[in-house]
Amino acid sequence: MLNNGQQHSIEKSRQLQRNLYLAAKKDKQRRFHALYDRIFRLDILWRAWKEVRENKGSAGIDGITFEMIEEYGVEEYLLDIQEDLKNKKYRPKPVKRVYIPKPDGKQRPLGIPTIRDRIVQQACKIVIEPIFEANFLDSSYGFRPKRDAKQATEKVKKELYKNWYVVDADIQGYFDNINHEILLGLLNHRISDRRVIKLCRQWLQAGVIENGKYYPTEKGSPQGGVISPLLANIYLHVLDSYWENHKELGVIVRYADDAVIVCRTRKDAELAFEHLKRIMTKLKLTLNPQKTKIVDMNKESFDFLGFRYQKFGKTKCGRKLPYMMPSKKAMKKVKDAIRVITCRKSAYEGLEQKVEKLNPLIRGWRNYFQHGNSTRRFKQLDEYVWMRLWRRVYYRRKQKKYREHVLYGFRKWYATSGIEYFYYLNKKRYVAVF
């Protein structure tokens, strides 16, 4: 818990953000100086600590955890950081390389900075984000204040009512291939404080520790860094700006490195594809040839941010309507998560413990997908959850003479268990069906 003084400091930092945003919005060519001194202000560092602490996460290569910092004293720790930044002694440590599995069987590399570096990165983000946010366009939805994936998916569906072709773009290894010099040049367009540019260069070139061995980073911005999403948006703002000045090419909707361009005709889509390849070449990026394609919505579909978009049905005028529903990949992912919670390895847990683990998963998935045409998928998942829990009760009691008795008891328990429903509007009907 933060005391009143710390809460006042956080409000003070928000006021600074508002002032920077308004100044940047007023003059979109202005370059800002004297930002470095604001990064190590104690109110900024307190807010940075609070936000980094809320995100949790593991320790970096130094092994220092949040609990160790709290035992040492948070204020003392922040004062040490402030002193290093003031005296220009701060040097970021290399990030720790870890891998997380992807749905296609591959692994995504993540770079985990130390908590100290995360705090400084968050402080820098607090100061410089409003400046670039004033320039960012409505076509960008990823990792931005008051913008999210739901808005991006709804925008795509809205555009599909009157357009029939889509360029489904996939940038190959985007975060691993960001060119440092181009990115620093883009930062330099709005920031004239060389100390801030130097900080960003140090983070980009800090290197990676993998299996105890150091590897330098000559390009890319490690996924896992606090400031990486902002830097990624600054880099692809070039793409957004180009499309803003060439609206005849179609409507672009971008969420970080995922982008679709919605066009009226195939000719427009082919032209947009050529322009997209040209911009990627200038940014020294590559489109994935297997995943980047032109989609004809009359007979094809595409996936974007977990949704599958498809046109079918007809209006009175004879036109097909766009629908968005959970994609096959999203369905497989949530079923895998349900299967892990309800598998036999966790048979020692009671049904109540399984319900406690399932409810946050169901609630989060439902909240994200409920604004689409998801009714049929929700019903399928409700039935899947019911069957998984029923199997955990019945798999040891296969004799027919016990089955009806056990099933009656299970239905009674399920109706009062407090388990969440994907298709929650028809809760009573589901109990009867199951």
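**Exercise 1. Determine what the buried residues of helix H8 pack against, and how they are arranged on the helix.**

Solution. The model is predicted, so local features need pLDDT of at least 70 and side-chain atom pairs pLDDT 80 or more, while totals for chains, interfaces and linings use all residues. Residues are numbered from 1 along each chain as its sequence is written, and side-chain values use heavy atoms, with hydrogens and water left out.

Step 1. List the buried residues (under 20% relative accessible area; exposed is over 50%, partly exposed in between; 1.4 Å probe, protein chains only). In H8, residues 180-188, these include His 180, Leu 183, Leu 184, Leu 186 and Leu 187. Helices (H or I, at least four residues) and strands (E, at least two) are DSSP runs numbered from the N terminus.

Step 2. Look down the axis of H8: the buried residues fall within an arc of 155°, so they line one face of the helix. The arc is that of the directions from the helix axis to the C-beta atoms. An α-helix has 3.6 residues a turn, so residues three or four places apart point the same way.

Step 3. Find the partners by contact (heavy atoms within 4.5 Å). The buried residues of H8 pack against H6, helix H9 (194-204) and helix H10 (228-244).

Step 4. Check the N-terminal end of H8. Asn 179 caps it, with a side-chain oxygen 3.1 Å from the backbone nitrogen of Glu 181.

**Exercise 2. Identify which residues of the largest nonpolar core touch the most other members.**

Solution. Step 1. Build the core as a set of buried Ala, Val, Leu, Ile, Met, Phe, Trp, Tyr and Cys residues joined through side-chain atoms within 4.5 Å. The largest has 77 residues, and Ile 119, Ile 128 and Met 280 touch the most other members.

Step 2. Assign the members to elements: helix H6 (residues 115-133) gives the largest share, ten residues.

Step 3. Separate the other core. Apart from the largest lies one of 46 residues, among them Ala 152, Phe 302, Leu 305 and Met 331.

Step 4. Take Ile 128 and leave aside its neighbours within four places in sequence. Ile 128 is then in contact with Leu 35, Ile 191, Val 196, Ile 227 and Leu 230.

**Exercise 3. Describe the largest cavity and the second largest pocket by volume and lining.**

Solution. Step 1. On a 1 Å grid over the protein atoms alone, a cavity is a set of points where a 1.4 Å probe fits but cannot get out; a pocket is an open set with protein on both sides within 12 Å along at least five of seven lines, and lining residues have an atom within 4 Å of a point. Points are joined across faces, edges and corners, and a volume is the space filled by probe spheres set on them.

Step 2. Two cavities of 30 Å³ or more are present, and the largest holds about 120 Å³. Among its 18 lining residues, Val 95, Gln 121, Trp 203, Leu 204 and Pro 222 are the closest to its centre. H6, H9 and H10 each supply at least two lining residues.

Step 3. The second largest pocket holds about 420 Å³. Of its 19 lining residues, Tyr 21, Pro 130, Glu 133, Pro 145 and Lys 146 are the closest to its centre. H6 gives the largest share of this lining, six residues.

**Exercise 4. Decide whether His 237 and Asn 245 are buried or exposed.**

Solution. Step 1. His 237 lies in H10 and counts as buried, at 15% relative accessibility.

Step 2. Asn 245 is in the loop between H10 and strand E6 (251-255). Asn 245 is exposed, with a relative accessible area of 61%.

Methods. Polar contact = N/O pair within 3.5 Å; in protein donor to acceptor, adjacent residues only side chain to side chain.
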